[in-house]
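Me: Can you walk me through this one? I'd like to go piece by piece and ask things as they come up.

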Amino acid sequence: MSPVHQFHQDDVLVLTIDNPPVNALSPGVPEGLHAGLDVAEQDDRIWAVVIIGAGRTFVAGADIRTFDLPPEQSPDLRGVIDRLDSFGLLTVAAIHGAALGGGLELALACTFRVAVPGAQLGLPEVRLGVLPGAGGTQRLPRVVGVQKALEMMLSGNSVGAEEAETLGLIDDLIDGDLLTGAMSFARANVGNPPLPRVSKQKVKGGSPELFAAARAGLGKTHKGQYSPDLIVDLVELATHKPFAEGYAAEKKKFMQALASPQSRGLRRLFFAERAVGKVPGLSKDTPLTEINTVGIIGAGTMGGGIAMNFLNVGIPVTIVETTQEALDRGLGIIRTNYEGTVRKGRLSQAEMDRRLSLLTPTLSLDALSGADLVIEAVFEAMAVKREIFARLDAIAKPGAILASNTSTLDVNEIARSTRRPESVIGLHFFSPANVMKLLEIVRGAATSDTVLATCLSLARRINKVGVVVGVCDGFVGNRMVGRYGDEARKLAEEGAAPEQIDAAMHDLGLPMGPFEMSDMAGLDVGYLIRQHQARVAGAPKPGGWLDRLVEEGRKGQKTGGGIYDYPAGRTPVPSPHTAALLDTYRHEQAVSPRTIDADEITRRLIASLVGEGAQILDEGIALRSGDIDVIYVYGYGFPAYRGGPMGYADEVGLASVVADLERFGSVPAPLLKRLADEGKTFGEWDKERGRG
Ligand code: CAA
């Protein structure tokens, strides 16, 4: 059956795009629209055509899943758009939900657009590493002007129907039933020729200065990205070339962008982000626990940040500390954070007051007896956590979820200190917890499906991307970063300067290199983890020169010096002290320093991340390679346009990663070796197991 249904009422033919879930322009949709337009042309009674979407939305754009199809199998969206552009009858796009990408481009080729309040209109292609490819770069500036068009296409942000009306992007805002309103609008405008065509309008605005400023801005907002420049070029072209010329250029550049590794990476992330919520074996119908109140133990930086997530969405929080002083300090930090947002104009004073009124500070753990969810966010020591969970077990109501914000410790051991291990889970927030989008949801051996499903749903409610991971030291993110940090440390031992190592990661698009990150987190954190791991393994796991820095009291930004010096605030400056310490260390270890180039640094650091990631996949700690990428993009700033570390490895080829690991003395995980031997990618492996 065609995904486009037709019916006509008197003189109006209605074409309903019905391609769940979001009416993407998949194969069959352009054909269905053509068939409808054929009918409209052949039936003398019909004077107007209304195009509308079934279900929750108009059209969310081209079908991203078809982007890798050969051109002859790809849906011919441009064909139907071209036909609409010169169609002899009046056409109205009736928009609810979202008109995004190709959806908005389809609407822009109609003679009129109407929408219900709340509808969203936008061209988000830049987020997929491409650009509007069906006329958007040429039509949007003709309607909303160059400046607004650039703003929309470069940010990917959509505008609401009300703003769209002000901008002239829609011709009428329909209160009430959309289809009825759209048909009335069509009838009211039939017989008022000539039919308006966006492609025939003049582009509004645009000066050489404006384009120069737009290009200059890209260095900050879209550093290293390929498609934003193309968007600016095409909009500029629209200002001085006929529509047809700009339209033809757009097609060419769209294909170039589509073929780029950046677009593959961003598309991988798009689907990976949507897959993380799907846990094999966890039924969609799993009953959820209602979370109406949250208790947090510990009002330090983490506890306070975690509390803000719930306050922000209207969930009351009780926060517990052991001393009044610590409680006051924690509340002070929360208040200061909110005040900063109010000062920046992003939050009203009234809303800040409302959020703070939902917060109950207390010194009594007993106050958590009514909480639906309790999150422990205290010092990272097993003995302390076990004691807290044993006490919680006696206090918390039956069915309450008991979560630990541990970043490394064994959640199963924590769970065993209660008589209800099925209620225990890890919720690993990333610092600053009120800002970072990532939440590792650590599923213990006994964690119940209800607890897991509730935490996944809660992550969405507090605007986090929740990724389910298994129990191991450091889970996914910190375990991989540990391995990466070790490799960085070795590179420095062998002769690379710390700043050279960090620079190689900047060049890859990471905001921080491994040493800047360590200095920010505090070198003592890694030091304590190494000590802990050494104790567990019963063997020394030396941090070499890094341990020496910590033992000297150089713990990073917080002590004004670590691997780098910090003479003015948080800006790292290469440290002569660290350079001398490294020299001494190399000398003692009888290492003759060698010159190491950026290529070797990048290869080794990436191979270390990917090698550990593959091991994590092999052990079942992460469900799919895409989950690891989501963790690395949202938790560690790995550039999304590289597809995350595993996506990046797929791009360079797993055989090349294996060769790098072997060349630099590491043993690749069996899974990595096998996939490389078979010439496969992690993405293919995910798909083979039904998880892609
Ligand atoms: N193509 C294929 N599948 C799509 C899709 C698209 N354009 N948009 C969404 N989906 C799928 C999602 O993958 C998801 O599938 P699963 O249920 O199998 O996981 C499902 O639709 C629902 O999506 P969300 O979970 O994201 O639902 P939501 O309600 O949170 O958000 C949305 C809906 C705002 C439309 C969001 O999905 C979205 O932003 N989609 C992408 C829009 C986009 O980028 N459009 C431009 C496409 S490129 C283009 O059009 C090029 C061109 O110029 C021709």
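Reply: Sure, what follows is a chat about helices, charged pairs, rings and cysteines in this model, which is predicted.

Me: Let's start with helix 21. Does its length add up, I mean, what span should its 15 residues have?

Reply: Helix 21 covers residues 523-537, and at 1.5 Å a residue it should span 21 Å. The C-alpha atoms at its ends are 21 Å apart, which agrees.

Me: Which residues of helix 21 are buried?

Reply: Those are Leu523, Asp524, Tyr527, Arg530 and Ala534. Looking down the axis of helix 21, its buried residues fall within an arc of 120°, so they line one face of the helix.

Me: And what covers those buried residues?

Reply: The cover includes helix 20 (514-521) and helix 22 (544-551).

Me: What comes just after helix 21?

Reply: There you find glycine 538, with a positive phi of about 65°.

Me: OK, new topic, charges. How many salt bridges are there?

Reply: The structure holds 48 of them. As background, side chains of opposite charge can pair when their charged atoms come close.

Me: Show me one. What does arginine 139 pair with?

Reply: Its partner is aspartate 85, and the N to O distance in that salt bridge is 3.3 Å. This pair links distant parts of the chain, since arginine 139 sits in helix 4 (residues 136-144) and aspartate 85 in helix 2 (residues 77-85), 54 residues apart.

Me: Are arginine 139 and aspartate 85 buried or exposed?

Reply: Arginine 139 is buried, and aspartate 85 is too.

Me: What about aspartate 629, which residue does its side chain meet in a salt bridge?

Reply: That would be arginine 268, at 2.7 Å from N to O. Aspartate 629 is in helix 25 (residues 625-636) and arginine 268 is in helix 11 (residues 261-275), so the pair ties together parts that are 361 residues apart in sequence. Both aspartate 629 and arginine 268 are buried.

Me: Now one within a single helix, please. Where do lysine 673 and aspartate 677 lie?

Reply: They both lie in helix 28 (residues 670-678), 4 residues apart, which is about one turn of the helix. Their side chains meet in a salt bridge of 3.6 Å, N to O.

Me: Why does lysine 673 count as partly exposed?

Reply: Because its relative accessibility is 31%, and the partly exposed class runs between 20% and 50%. Aspartate 677 has 59%, so it counts as exposed.

Me: Which residues do shared partners join into one salt-bridge network?

Reply: Arg483, Glu487, Lys490, Glu494, Arg594, Glu600 and Arg604 are joined into one network that way.

Me: I clicked on arginine 586 too. Where is that, and what does it touch?

Reply: Arginine 586 is in helix 23 (residues 576-588). Leaving out residues up to four places away in sequence, arginine 586 touches Ala492, Glu493, Glu494, Gly495, Ala496, Val591 and Pro593. With 8% relative accessibility, arginine 586 counts as buried.

Me: Switching to rings. How many aromatic pairs are there?

Reply: The structure holds 7. In one of them, phenylalanine 67 and phenylalanine 254 have ring centres 6.2 Å apart and planes at 90°, so the pair is edge-to-face.

Me: Where in the chain do those two sit?

Reply: Phenylalanine 67 is in the loop between strand 3 (48-53) and helix 2, while phenylalanine 254 is in helix 10 (residues 243-258), 187 residues apart. Phenylalanine 67 is buried at 14% relative accessibility, and phenylalanine 254 is buried with 14% as well.

Me: What about phenylalanine 270 and phenylalanine 271, how are their rings placed?

Reply: Their centres are 5.1 Å apart and their planes are at 85°, so that pair is edge-to-face. Phenylalanine 270 is partly exposed, at 24%, and phenylalanine 271 is partly exposed at 24%.

Me: Which residues form one aromatic cluster?

Reply: Phe430, Tyr632 and Tyr636 do.

Me: Last thing, cysteines. How many disulfides are there?

Reply: A search of the whole structure finds 0.

Me: Why is there no bond for cysteine 455?

Reply: Because the closest cysteine sulfur, in cysteine 472, is 18 Å from the sulfur of cysteine 455, too far for a bond. Cysteine 455 is buried at 1% relative accessibility, and cysteine 110 is buried at 2%.

Terms used
Residues are numbered from 1 along each chain as its sequence is written. This is a predicted model: local features need pLDDT of at least 70, side-chain atom pairs count only at pLDDT 80 or more; totals for chains, interfaces and linings use all residues. Side-chain values use heavy atoms; hydrogens and water are left out. Buried means under 20% relative accessible area, exposed over 50%, partly exposed in between (1.4 Å probe, protein chains only). Contact means heavy atoms within 4.5 Å. The expected span of a helix is 1.5 Å times one less than its number of residues. The arc is that of the directions from the helix axis to the C-beta atoms. A disulfide is a pair of cysteine sulfur atoms within 2.5 Å. A salt bridge is a side-chain nitrogen of Lys or Arg within 4 Å of a carboxyl oxygen of Asp or Glu. Rings of Phe, Tyr and Trp (its six-membered ring) pair if their centres lie within 6.5 Å; planes under 30 degrees apart count as stacked, over 60 as edge-to-face and the rest as tilted.
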